[in-house]
Structure formats: structure tokens, C-alpha cells
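Me: I should like a close look at one part of this model, namely its second pocket. Please give a connected account.

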Amino acid sequence: MLLKNPVQFIRGELQLQDVNDHAPEFLENEILLKISEGSHPGTSFPLKIAQDLDVGSNTVQNYSISTNSYFHLFTRNHSDGKKYPELVLDQALDREEQPQLRLTLTALDGGSPPRIGTSQVLIVIVDINDNVPEFAQRRYEVQVPENTPTGSLVITVSARDLDAGTHGELSYSFFQYSNQIIQSFEINSITGEIRLKKALDFEEIQSYHMEVEASDGGGLSGKCTVAIEVMDINDNAPELTMSLLISDILENSPETAVAVFGISDPDSGNNGKMMCSIQDHLPFLLKPTLENFYTLLTEGALDRESRAEYNITITVTDLGTPRLKTEYNITVRVSDVNDNAPAFTQTSYTLFVRENNSPALHIGSVSATDRDSGTNAQVTYSLLPPQNPHLPLASLVSINADNGHLFALRSLDYEALQAFEFRVGASDRGSPALSSEALVRVLVLDANDNSPFVLYPLQNGSAPCTELVPRAAQPGYLVTKVVAVDGDSGQNAWLSYQLLKATEPGLFGVWAHNGEVRTARLLSERDAAKHRLVVLVKDNGEPPRSATATLHVLLVDGFSQPYLPLPEAAPAQAQADSLTVYLVVALASVSSLFLFSVLLFVTVRLCRRSRAASVGRFSVPEVPFPGHLVDVSGTRTLSQNYQYEVYLAESSESQLKFLKPILPNFLGEGTGGDSEANSNSRNHFGFN
């Protein structure tokens with residue numbers, strides 16, 4: 001008996017007590033017994049026994065014979081525990097007086113009440129035959145394998161009779177036999193060969209005991225005992241009986257009982273000895289409990305994520321030759337426990353979003369997996385509170401809790417927010433729930449949404465700046481420089497310059513990369529005094545954006561001339577009058593400057609022969625030119641310096657420090673350096 005919880009075995013034996021429900025029964029209703037009249041008193045004649053299916057005291061205990069004057073009955077106890085009746089002759093027989101006798105043989109069992117069985121004994125008195133058949137052996141023993149084919153010779157018994165004639169002719173037959181004997185064996189009455197009539201089975205009957213009778217023609221007979229021992233062969237495979245089987249076990253549960261079973265083998269000896277095993281490299285072990293009983297246990301804690309199912313083959317093998325085995329297959333499924341947190345496919349994600357995006361735009365996804373199963377593996381995504389308290393994360397992005405899709409809630413502006421980062425959490429639905437997190441970094445990509453902005457010259461609608469250029473300027477003379485910036489970054493902030501419009505094409509040129517405006521050729525008296533230039537500033541974005549800068553250039557013979565307003569600001573008659581005054585004043589100034597220049601030239605030539613003419617530029621608002629700023633040298637050019645200080649940061653940050661003005665230097669000591677710079681500019685100058 002098996003107690004399931006806790007596992008405990010109780011072994012017992014059940015003995016069936018026999019009741020006297022069967023009466024003794026003779027196999028033959030009439031027993032024929034031939035007795036020679038020459039038999040001497042005291043001679044015993046065995047009789048056939050009665051069969052009783054009961055056991056113990058309920059089987060046959062005694063025999064009795066009907067009353068007569070010639071015989072009495074003697075019951076002999078055999079070594080196998082059975083009782084055999086024998087007729088004992090009390091007085092000599094006389095065939096002439098009585099040729100035959102009919103007696104009643106009664107078998108009595110020991111039950112309560114006792115049951116009886118009867119058979120008629122017919123005694124035929126024959127003529128004297130003074131030699132009885134004699135067997136060569138009183139007892140024959142033979143061993144027969146249980147797999148012997150039917151019809152095979154088991155043993156041959158042999159007897160002889162010294163009489164002659166019919167008294168010496170022998171006939172063999174079974175004398176004492178049971179149903180099992182006559183069903184399993186047959187005897188040749190002439191040769192005495194005993195052959196197998198039915199297949200033997202050691203597991204049913206291990207041995208047979210029978211008596212063989214040899215009778216001569218005169219009615220005498222001799223008897224012998226034949227003992228047939230059935231030899232066991234390994235013809236039965238072991239049997240496995242499952243008492244307890246648990247197919248589903250929780251992971252992380254050590255030494256859990258999976259199955260309880262018993263094994264058996266009906267064979268004997270080594271054929272019935274067994275050994276039990278399972279496959280190697282499995283986290284299970286077999287533990288013997290009682291005799292031929294085993295318990296299958298988990299060797300340690302199982303991990304469903306490593307292996308969710310085990311197919312276990314229990315093999316029972318006997319020790320016979322050849323060895324027979326029985327295999328029993330069981331499937332053990334490991335139930336899940338929430339012991340694995342969700343794991344992101346990446347520890348950090350980098351997403352790129354182009355600025356000016358539409359709200360609710362899908363910008364990317366995060367993904368996490370859980371090695372558990374069922375609800376323990378269902379992952380839910382969420383945004384974790386930002387570490388930066390000033391980051392309005394709730395208004396920037398949202399996440400789909402089921403699939404981890406990320407959405408931008410509003411349009412992003414690169415110039416306002418270039419990058420931000422936040423943490424995303426993934427939790428399962430187990431109990432207790434487990435979670436993990438990953439870092440998401442969002443980089444805003446710049447779009448070309450800002451046009452170039454011109455810092456100089458100012459384009460705010462106030463009084464325009466006018467650049468003065470001496471007519472004696474050489475080709476490549478620096479007139480001015482257009483300075484512009486772009487709020488975008490990268491190639492969207494790369495600026496190029498080109499001359500869009502000019503009063504006199506071919507007179508001025510613009511350097512495409514730095515916006516410097518220079519003279520393209522020598523100036524002549526035929527060139528107009530006033531010029532209007534339109535410079536196009538264009539970025540390198542897609543599509544490109546642009547802005548224009550308007551420049552006013554005034555050609556003068558010398559910087560001592562008064563500066564007049566532009567013709568657009570006065571009527572035609574006023575323009576003519578101003579020009580006349582300008583010419584008169586210029587003539588007087590030139591004369592004075594000529595005398596001063598001659599004296600200065602001689603002095604300079606003596607002090608510094610190799611001094612080069614300096615070239616400069618100067619811009620003034622459209623008001624009369626102040627006279628105290630004029631400085632005329634021998635080269636008839638204005639000595640002036642323009643300095644620009646522009647700070648450019650890396651394009652990825654798109655930060656620009658605007659023009660830092662530095663007042664022009666009108667001192668004479670800067671003239672040499674400027675001339676040298678202008679000389680280099682003329683050597684490396686390109687026009688657009």
C-alpha cells in the first residue's frame with residue numbers, strides 16, 4: 001500500500017483460507033485390477049488415487065473399501081504429502097471359485113462436514129503369471145527446458161518380463177497422473193517414449209511427477225516413477241507498474257518526487273534479477289525504497305527557461321541470457337515561475353528625429369523579451385520619471401504600453417532642443433512583477449528652416465552704408481566684406497556668396513567663400529561715380545535658402561572730397577549743383593594735397609625707399625564726411641584698416657558669436673601691413 005503524501009510504503013500479505021467446497025473425485029469411474037491367483041496373502045495392490053482441488057486438511061485424508069473377505073485397504077503416505085490406497089490380499093485367491101470381485105473404493109476428505117468420492121474396483125483374477133515386469137530404474141529424472149518444442153522426446157522408460165509369450169509382451173501407460181500430466185505429455189505404449197504434448201511454462205509448473213506402468217500379457221505390471229523438472233529460460237521481460245506519476249512540476253523545486261513504481265520478473269535465478277536505470281545527463285535520479293520499488297526524484301532545481309520538457313525513459317533489464325528489458329517513457333513538464341526580469345535588446349537606444357516633425361510621429365521602438373512564459377512573459381512598457389526635473393518629458397514623447405512604440409507629441413525645434421534622453425521601463429505581469437530599464441537618447445536632426453542673416457552691412461531699412469573706393473585702386477582692392485550667419489547647422493549653415501546685381505557688371509567681384517567684395521579691374525574716369533551692388537548669400541541646405549545684401553559704392557578721386565548724398569535722395573537739379581560744388585572743392589583740395597604730397601613723398605623716399613602704397617577701405621554713413629579723418633599719402637589712397645572678429649563653433653552645435661566690431665585704425669603705422677595684405681589678396685583673388 002502506498003501513501004502519497006508523505007510518500008510511505010506499507011507491505012502486507014493476504015492469505016486465502018481454503019473452504020471444503022470440492023469433493024474427492026476419481027478420474028475413472030471403474031478401476032480394473034487384474035490379480036493372479038497365485039498371489040500370496042499380504043501382497044499389496046496399489047489403487048488410483050482421487051483428486052481433490054482443496055488444500056490442507058480439506059483434501060483427501062483417508063480411503064476405505066467395501067467389506068469383503070479377500071482384501072483390506074491400506075493407505076500409504078507418500079513423500080509428496082499425498083495418500084495412496086493399496087489393496088492388501090488377506091487370503092489366497094481361487095479363480096475357479098470366484099473369477100472376479102467388484103468392490104467400492106471410497107475417498108474421504110478432512111473437511112467439516114467431510115466430502116466423499118467413490119469409484120468401482122473391478123478385480124479380475126487371472127491365471128498364474130509368476131514374473132512381473134521390472135523397470136530398469138525405479139525412478140527416472142529428467143530436465144526439460146521450458147521452450148522445448150511440442151512433440152519432442154522427453155525420456156524413454158524401459159521394462160522387461162522373463163515370461164514368454166503373451167506374458168512377456170509389455171505395454172506402457174501412465175498410472176498415477178493428473179490433468180496437467182495428460183495434457184502436457186503422452187507415452188508410446190509400445191516403446192515407452194514420453195513426448196511433449198503441450199508447451200511447458202516454468203512460471204506455471206516447475207516440475208511434474210508421474211508413475212508409468214508396464215503391463216505384460218499375463219496381467220502383471222511393474223511401475224516406476226518419472227520426475228520431470230522444467231528448466232527456466234529467460235523468456236519473460238521485466239514488468240513495470242506505475243503507482244504514482246506527476247507530469248507537471250514547478251521549476252526551482254529541488255528533490256521533487258516525480259514517479260513511484262514497482263518492477264517484477266516472473267523468471268527465476270538470474271533471469272529474475274533486475275536492474276533499473278534512466279538516461280544519463282538528466283537532472284533526475286532513481287532512489288530505491290522497498291524491494292523492487294523505486295522513486296524518481298529531481299536531482300536539483302530545474303530551470304524552465306533552459307529546458308521546459310523532459311522525456312525520461314525508465315529501463316528495466318534482467319540479468320538473464322539473453323538479457324531482456326522493458327522501457328517505460330514518461331514526459332515531465334516544468335511549470336514556469338516568474339524568475340526572469342524582462343531584458344531589453346539594447347541597453348541604450350539612439351533615435352533620430354528631424355525637426356519640424358508632425359505631432360504624434362512614430363520616432364522609433366524599444367523591445368524587451370522575457371524568458372518566462374504565460375503571464376510571466378507579458379511585457380508592459382512605460383516612461384520612467386526623468387532625472388532632469390526641467391525636462392518636460394510628458395509633453396515630448398509617449399510610449400505604447402503594449403509594443404514599445406515611441407511617439408513625438410509635438411513638433412521639435414533643433415535650435416531650441418538639440419537632444420534629450422530618458423529612461424524606459426519594461427515590467428512583466430508575474431507575481432511579484434519583475435522589471436528592467438533602458439536608456440533612450442533622442443537626437444534632433446537639423447532641417448534647413450533658417451535663412452541666412454546678414455550682419456554687415458545692416459539691412460534694417462535705416463540709412464545705408466556707403467563704401468568709398470579711390471579711383472586709383474588696383475584690381476583686387478578690398479571694397480568691403482559681407483558678413484552673414486545661419487541659425488542652422490552642418491551643411492545647412494555653409495554659406496556662399498555671389499554678386500546678383502551690379503550697376504556696372506565686371507567692375508566688382510565677390511569671393512564666394514568669405515563674402516569679400518573687391519575690384520575686378522582698374523577704375524577709369526568713364527566709370528560711374530555711384531554703384532549699387534546686390535550680393536546674394538545662399539546656404540547649402542536642401543532646398544537652399546538665401547538672403548540679399550545691398551551695397552552702395554562711391555568712387556572718389558581722393559578722400560578730401562566732400563561726400564554728397566546719393567542721387568536717389570535728391571532731385572536731378574540738386575544733383576547737378578552738388579556735383580559742381582564737389583568739383584570745385586575737389587580741385588582746391590587736390591591742389592593742396594598735391595603740394596603736401598610732394599613734400600611728404602620726398603620725406604618718405606628718403607626714409608623708406610621700399611615703402612609700398614597702402615590700400616584700405618572705410619565705410620561711413622550717408623552724412624558729410626568729417627574732415628579730421630582724412631589722411632592723404634603719396635599714393636592718393638585713404639589709409640585705413642578694417643578688422644573683423646568672427647567666432648565660428650562646430651557645425652554640429654550650430655552656435656555663432658556675431659561680429660565683434662573693432663574701430664578702424666587711422667594711424668599711419670598700419671599702412672605697411674595693409675599694403676602687404678592687399679598685395680597677397682590680388683595674387684589669390686577670384687571673382688564670382
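By class, how many nonpolar, polar and charged residues does the lining of the second largest pocket have?

Reply: The model is predicted, with local features needing pLDDT of at least 70 and side-chain atom pairs 80 or more, while totals for chains, interfaces and linings use all residues. Numbering runs from 1 along each chain as its sequence is written, and side-chain values use heavy atoms, without hydrogens and water.

The lining of the second largest pocket comprises 12 nonpolar, 13 polar and seven charged residues (Ala, Val, Leu, Ile, Met, Phe, Trp, Tyr, Cys and Pro being nonpolar, Asp, Glu, Lys and Arg charged, the others, including Gly, polar). A pocket is an open set of points on a 1 Å grid where a 1.4 Å probe fits, with protein on both sides within 12 Å along at least five of seven lines, and lining residues have an atom within 4 Å of a point.

The space in the second largest pocket, as filled by probe spheres set on the points, is about 720 Å³. Its lining holds 32 residues, and Leu33, Lys34, Glu213, Gly219 and Ser221 lie nearest the centre. Two or more lining residues come from each of the strands S4 (30-36), S5 (44-46), S16 (171-176), S19 and S20 (221-231) (DSSP runs of E, at least two residues; helices are H or I, at least four). S4 gives the most to this lining, with six residues.

S19 (207-215) also serves the largest pocket, where S19 gives the most to the lining, with five residues. Strands S6 (50-51), S7 (60-65) and S9 (83-89) and helix H1 (179-184) each supply at least two residues there as well. That largest pocket contains about 1,000 Å³ of space. Among its 36 lining residues, Ile49, Gln51, Asp80, Lys82 and Ser178 lie nearest the centre. The lining of the largest pocket has 14 nonpolar, 14 polar and eight charged residues.
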